[in-house]
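Trainee: Could you take me slowly through a single residue of this model and what surrounds it? I would like to see how each term is defined as you go.

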Amino acid sequence: QVQLVESGGGLVQAGGSLRLSCAASGSVFSINTMGWYRQAPGKQRELVAGISKGGRTNYADSVKGRFTISRDNAKNTVSLQMNSLNPEDTAVYYCNADLVAATALGEYRNTYWGQGTQVTVSS
């Protein structure tokens with residue numbers, strides 16, 4: 001009943017920028033933490049950036065100073081502005097949300113994942 005949909009991925013040259021967006025839809029009661037993860041072929045999925053409902057943020061060391069995460073609580077969306085991209089940023093980026101869903105059995109807290117969006121940075 002809850003779905004996260006990412007958008008904004010694509011191909012960009014090194015030094016360029018992309019903005020990823022993720023929208024939570026369905027029976028969403030409230031959203032706690034939202035974040036972006038990424039996974040490159042042959043590598044483990046890693047946290048890129050996270051943001052609390054109150055706006056506190058944290059970033060992977062590899063993206064600090066280059067990426068900015070933000071959210072719109074009214075729209076149940078989270079975005080990731082990615083600047084100064086380099087080939088090492090190439091990966092599938094996944095939206096993640098720790099949220100409370102409104103179900104027929106009551107409110108239920110769980111973690112949800114988007115389907116992923118490809119980001120490719122060429123040199």
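Mentor: Helices (H or I, at least four residues) and strands (E, at least two) are DSSP runs, numbered from the N terminus. With that in hand, we can place R71 in strand β7, which covers residues 67-72. Please keep in mind that this is a predicted model, in which local features need pLDDT of at least 70 and side-chain atom pairs count only at pLDDT 80 or more, while totals for chains, interfaces and linings use all residues. Residues are numbered from 1 along each chain as its sequence is written, and side-chain values use heavy atoms, with hydrogens and water left out.

R71 is buried, a word that stands for under 20% relative accessible area, with exposed being over 50% and partly exposed in between (1.4 Å probe, protein chains only). Although buried, R71 has no salt bridge, that is, no side-chain nitrogen of Lys or Arg within 4 Å of a carboxyl oxygen of Asp or Glu. Lys and Arg count as positive and Asp and Glu as negative, while His and the chain ends are not counted; the nearest side chain of opposite charge to R71 is D72, 8.1 Å away.

What R71 does have is a polar contact with the side chain of N73, at 2.6 Å, where the term means a pair of N or O atoms within 3.5 Å, one able to donate a hydrogen and the other to accept it within protein, and residues adjacent in sequence count only if both atoms are side-chain atoms. The side chain of R71 also reaches the backbone oxygen of S52, at 3.1 Å. Leaving aside residues up to four places away in sequence, R71 touches several others, including I31, M34, I51 and V78, where contact means heavy atoms within 4.5 Å.

For contrast, E107 lies in strand β10 (residues 106-113) and counts as exposed because its relative accessibility is 55%.
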